[in-house]
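Me: Here's a model I'd like to talk through with you. Start with the terms, then we'll take the details one by one.

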Number of protein chains: 2
Amino acid sequence: MDKILLSHGSGGTMMHQLIKEYFVPQFSLKSLDDSAVLEGINGGKIAFTTDSYVVSPIFFPGGNIGELAVNGTVNDLSMVGARPLYITAGLILEEGFSIEDLKTILSSMSAAAEYSGIKIVAGDTKVVDKGKADGIFINTSGIGIIEEGIDISPSKVTPGDKVILSGPIGNHGISIIAERNGISFNPPILSDTAPLNSLVNDMLKTTKEIHAMRDPTRGGLATSLKEIAIASRTCITIRENSIPVPEGVKGACELLGFDPLYVANEGILIAIVKADMAELLINTMKKHPLGGNACVIGDVKEDPSEMVLLKTSIGGTRIIEMLSGDQLPRIC
Amino acid sequence: MDKILLSHGSGGTMMHQLIKEYFVPQFSLKSLDDSAVLEGINGGKIAFTTDSYVVSPIFFPGGNIGELAVNGTVNDLSMVGARPLYITAGLILEEGFSIEDLKTILSSMSAAAEYSGIKIVAGDTKVVDKGKADGIFINTSGIGIIEEGIDISPSKVTPGDKVILSGPIGNHGISIIAERNGISFNPPILSDTAPLNSLVNDMLKTTKEIHAMRDPTRGGLATSLKEIAIASRTCITIRENSIPVPEGVKGACELLGFDPLYVANEGILIAIVKADMAELLINTMKKHPLGGNACVIGDVKEDPSEMVLLKTSIGGTRIIEMLSGDQLPRIC
């Protein structure tokens with residue numbers, strides 16, 4: 001392989017290979033988690049994260065690239081238990097991009113930041129010649145404070161833990177692919193883009209015994225669970241019957257040939273928690289607007305290590321791998 | 001105006017208008033400085049900055065996009081007196097980009113980070129379809145600690161202050177434009193890309209009476225000085241005779257019709273300092289490999305406010321404005 005392929009950006013197997021082979025040896029990456037957790041900053045811990053957004057189309061049912069970029073970084077900070085504080089916005093614009101669209105996107109970023117309580121404190125704008133970008137790309141990088149006593153990392157996942165999912169899967173990915181291909185559903189399928197920090201805040205008030213969290217974006221629920229299984233050297237077993245898939249997403253996936261387990265989400269989370277805290281946490285989550293459908297979808301076992309197993313609705317067992325190839329490029 | 005033009009990214013007048021009109025009303029930008037200074041992070045101050053790099057070509061005499069991206073963010077942190085600690089790398093790759101080139105760029109980023117003592121702690125990789133980007137774009141965002149007693153901001157600039165320049169101007173911009181147009185100079189003109197944190201560290205050990213600093217990148221020395229004059233409501237007067245312009249840069253500028261005052265630099269700084277500290281600082285700077293040509297190029301007066309005046313070598317006075325239009329697009 002000597003050229004970059006679209007699937008190198010899909011969030012799945014090929015991206016993980018690329019990162020392992022070329023990035024890990026060169027960079028001081030703290031882990032392959034959503035945010036780096038940095039200790040000793042003025043005596044405390046902070047989380048630091050970056051994400052570039054290249055979603056196509058930039059406007060889609062339920063959102064646009066601007067709010068997606070803010071919410072996505074808020075969520076990456078939240079997944080390590082950080083309280084999001086500050087965010088930067090790095091824009092790459094293509095010559096000829098509509099200033100009206102830019103205004104709409106900036107105002108969505110501002111509204112999203114205000115909603116989640118994060119402040120956009122620094123920015124950068126570059127313009128490239130027509131044909132050298134695709135309208136607008138946005139990088140957001142964020143920092144947040146991790147309070148004492150909070151330590152969320154896949155390495156803490158232990159056999160016996162329960163796997164909680166906060167809401168239905170597949171809405172974001174399907175909304176994008178539908179818009180891209182001019183398909184419309186009735187009722188429309190909207191992206192679930194939303195900031196998860198307030199939900200996480202409620203969860204952490206209930207218990208600090210949350211071992212790992214992920215927002216299953218690129219690569220979907222399947223890829224995120226596989227990442228956790230690998231990082232924790234455990235086996236995660238999930239039950240197909242327990243996973244909420246909206247009827248519309250189910251239908252669209254059948255029509256388009258996608259597996260909802262691999263479709264990107266932008267407003268739900270997976271939490272792996274100490275078993276005896278699961279019920280309490282679910283009660284807390286159900287009271288939050290983003291956690292109404294929270295449920296236990298599976299649990300953590302010791303063996304077979306680094307595997308994800310799906311108990312299917314007809315009673316079989318399927319091995320779940322990471323997304324391979326490029327099911328849905330440029331989904332975020 | 002309803003479309004983005006290349007000149008909106010040039011660092012000059014049009015970019016400032018765009019930022020003032022559309023970004024400032026929406027974002028909580030701390031200032032238009034290189035980095036946001038954030039107080040109260042675990043009880044202390046940190047600096048936070050972001051920059052996207054879209055330089056074309058990605059390999060140029062004296063450097064490549066990877067080390068430029070690391071050094072640029074190290075420098076933005078250094079300009080507010082922060083000690084650079086951590087940096088993120090957000091890559092946007094075009095489908096078909098050479099993995100060999102990617103390896104070279106990542107290894108340059110790693111070497112640049114190691115050289116300046118900053119750690120690359122988080123990353124993100126997106127891939128867009130062929131023809132929707134230009135090889136590789138890199139965003140770097142960085143954080144650094146600002147020690148107590150350091151308070152560098154254009155608002156502190158006072159009439160009577162001296163303007164120090166750390167080295168010769170024009171090398172980076174000319175190296176890029178030459179490479180882009182297949183022109184070669186003998187001796188070659190190399191980009192000055194370099195991390196300024198160690199020079200700044202030496203300067204701050206000598207005195208904390210540094211009022212403002214800038215690394216004059218996009219828009220060049222002229223635009224940076226004009227930004228400081230506006231932010232401090234002072235008049236900055238500089239002497240053409242005192243500004244070091246290498247012979248090669250002078251010749252290239254004549255040939256290509258550029259004014260060296262507006263050409264981008266990536267390894268020099270302007271410092272506005274208390275007058276009685278200028279000599280001491282210059283002595284310190286001259287001992288540093290990046291400060292060998294340090295000199296006073298002008299001083300700060302009260303009137304006419306928000307103006308930059310150039311005393312020309314033939315005894316006249318020229319009003320210096322920001323760069324207008326797109327002298328050199330995609331210079332960083």
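Reply: Helices are DSSP runs of H or I with at least four residues, strands are runs of E with at least two, and both are numbered from the N terminus. Residues count from 1 along each chain as its sequence is written, with chains lettered from A and ligands numbered from 1 in the order in which they are written. This is a predicted model, where local features need pLDDT of at least 70, side-chain atom pairs count only at pLDDT 80 or more, and totals for chains, interfaces and linings use all residues; side-chain values use heavy atoms, with hydrogens and water left out.

Me: In which loop of chain A does Glu306(A) lie?

Reply: Glu306(A) is a residue to look at, with a positive phi of about 65° although it isn't a glycine. Most residues other than glycine have a negative phi. As for its place in chain A, Glu306(A) lies in the loop between strand 12 and strand 13.

Me: What is the strand order of the open sheet of seven strands in chain A?

Reply: Two strands pair if DSSP finds at least two bridges between them. Pairing in this sheet of chain A is mixed, and one antiparallel case is strand 8 (residues 162-165) with strand 12 (residues 295-301), joined by four bridges. Within that pair, Leu165(A) has Cys295(A) as its bridge partner. The full order is 9-11-8-12-10-13-14.

Me: Which are the edge strands there?

Reply: Look for strands of chain A that pair on one side only. They're strand 9 (210-214) and strand 14 (317-320).

Me: And at about what angle does helix 6 of chain A run to strand 13 of chain A?

Reply: Helix 6 (residues 220-232) of chain A lies across strands 8 to 14 of that chain, with contact meaning heavy atoms within 4.5 Å. Axes are lines fitted to C-alpha atoms (for helices, over the stretch in contact), and angles run from 0 to 180 degrees between N-to-C directions. Against strand 13 (307-311) of chain A, helix 6 runs at about 135°.

Me: How about the interface: what area is buried between chain A and chain B?

Reply: Each chain puts 76 residues into the contact. Buried area is the accessible area (1.4 Å probe) that two parts lose on being put together, summed over both. Carbon and sulfur atoms give 68% of it here, and the total is about 6,700 Å².

Me: How many salt bridges are there between chain A and chain B?

Reply: That takes a side-chain nitrogen of Lys or Arg within 4 Å of a carboxyl oxygen of Asp or Glu. Asp124(A) and Arg218(B) meet this way, at 2.9 Å, N to O. Between the two chains the count is six.

Me: Which elements give two or more residues to the side of chain A that touches chain B?

Reply: Two helices and five strands of chain A pass that bar. They're helix 1 (13-23), helix 3 (99-116), strand 1 (36-41), strand 2 (44-53), strand 5 (83-94), strand 6 (119-128) and strand 7 (136-146).

Me: Over in chain B, why is one side of strand 1 and of strand 6 left without a neighbour in the sheet?

Reply: Five strands form this open sheet of chain B in the order 1-2-7-5-6, with mixed pairing. Strand 1 (36-41) and strand 6 (119-128) stand at its edges, so one side of each is left free because each has a single partner strand.

Me: Which residue in the turn of the hairpin of strand 13 and strand 14 of chain B has a positive phi?

Reply: These two strands of chain B pair in the antiparallel sense over four bridges, with Val308(B) opposite Ile320(B). Five residues lie between the strands, and the one with a phi of about 95° is Gly315(B).

Me: Which residue does a cis peptide bond join to Ser56(B)?

Reply: Omega is about 0° at this bond. The partner lies in the loop between strand 2 (44-53) and strand 3 (59-60) of chain B. It's Pro57(B).
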